[in-house]
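Biologist: Please take a close look at a single part of this protein, and explain how it sits within the whole. I should also like to know how far the model may be trusted.

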Amino acid sequence: MTENFTVVGIIDRMAGRGEKAFPREEPLSREKLKALEELQAVDLKIRDLSAEAETHPARLRQIEAERNQAKAALDQSRGRLADIERARRQQQDLLQMEKDKVRKWESRLNELKTPREYAALARELDIAKKTNTTAEEEIRRLAGEHDLAKKETAAAEQMLGEKEGVVEREGEQIKAVLDSLQARMAELQSERERLVEKCDKALMNRYERVRKQRGGIAVAPVVAGTCKGCQRNIPPQMANQLLTSDEILTCPNCHRFIYAADEPQAPEATV
Ligand SMILES: [Zn+2]
């Protein structure tokens, strides 16, 4: 009799440490917090999904910006090529004109009567020939630049083609992904509505406020006297209150709703 009484006493004391060993109905406060925790799980999924959805338009903007850059680079390259072609044509026209002049003057040299006239024309011819040499050099230089600009333009065209391809392919993919994310989001939202119905209305405002301030977590278990929301100890008296009272308590540090977690080493396992 005495021995039996002692055993019961031990079981009672063990039961006091964990809910599982205590076969009574769950306190109302725990049920309310469980409903909030379910809602919290869905809210976290919604948050992750929104974050994921945000990365896609950003990627789309990035690839479009790269495509626009490639387009601008090509326009610039083509502009440079056109400038070079124009300058080359001008130099060629100039050269042609000067060459015609030289030919004309040279044919006239022998017709001249006086040495002075001859000397004057010979000087003019000299200047015209120098001009021609300069123009020929300039044409050669421009030809080199033209080759370079042509290569640059071809490379810019290829780059633009690649970037356009990326926009086309990835753009399609991103749209498809966004569509599926939207469908998943709609599912989560309706699940959320269903869960909100099950939650205690009096707790909702605080739940919403705290989860927004505290990284999405508004309900946290207390394990071995530590609030798992903020990893700080709660006063021992409060830890005790969690086990004995049906009041809904909040962590004095992070203001999350707290509840006593089932002990990992449940007494049932050892009995
Ligand atoms: Zn806390």
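Modeller: Of the 271 residues in the protein, 13% are buried; a residue is called buried if 20 or more other C-beta atoms lie within 10 Å of its own, exposed if 12 or fewer do, and partly exposed in between, with C-beta atoms placed from the backbone. The model is predicted, so local features need a pLDDT of at least 70 and side-chain atom pairs count only at 80 or more, whereas totals for chains, interfaces and linings use all residues. Residues are numbered from 1 along each chain as its sequence is written.

The protein has 6 helices and 5 strands, and from the N terminus on they follow the order α-α-α-α-β-β-β-α-β-β-α. Here helices (H or I, at least four residues) and strands (E, at least two) are DSSP runs, numbered from the N terminus.

The part I have chosen is the loop between β1 (219-223) and β2 (226-227), where Gly225 lies. Gly225 counts as partly exposed because it has 15 C-beta neighbours inside 10 Å. Ala224 is found in this loop between β1 and β2 as well, and it counts as exposed because it has 10 C-beta neighbours inside 10 Å. The phi of Ala224 is near 50°, a positive value in a residue other than glycine.

Leaving aside neighbours within four places in sequence, Gly225 is in contact with Asn233, Ile234, Pro236 and Ala239; contact means that the C-beta atoms of two residues, placed from the backbone, lie within 7 Å. Gln237 is 12 residues from Gly225 in sequence, and their C-alpha atoms are 9.8 Å apart in space.

The strands beside the loop belong to an open sheet of 5 strands with mixed pairing, in the order β3-β2-β1-β5-β4. Two strands pair if DSSP finds at least two bridges between them. The edge strands, each paired on one side only, are β3 (232-233) and β4 (249-250). Strand β1 runs parallel to β5 (residues 257-260), and 4 bridges join them; in β5, Ile258 is the bridge partner of Ala220. Helix α5 (residues 236-244) lies across β1, β4 and β5, and runs at about 70° to β5. Axes are lines fitted to C-alpha atoms, for helices over the stretch in contact, and angles run from 0 to 180 degrees between N-to-C directions.

The next loop, between β2 and β3, contains Gln231. Gln231 is exposed because 10 other C-beta atoms lie within 10 Å, and its phi is positive, about 65°, although it is not a glycine.

As for trust, the protein averages a pLDDT of 88, and 87% of the residues score at least 70; pLDDT is the predictor's confidence in each residue, from 0 to 100. Confidence is highest in β3, at 97, and lowest in helix α1 (residues 2-17), at a mean of 41. Over residues 1-23 the pLDDT is below 50, and this stretch has 19 contacts in the model beyond near neighbours in sequence. Over residues 265-271 the pLDDT is also below 50.
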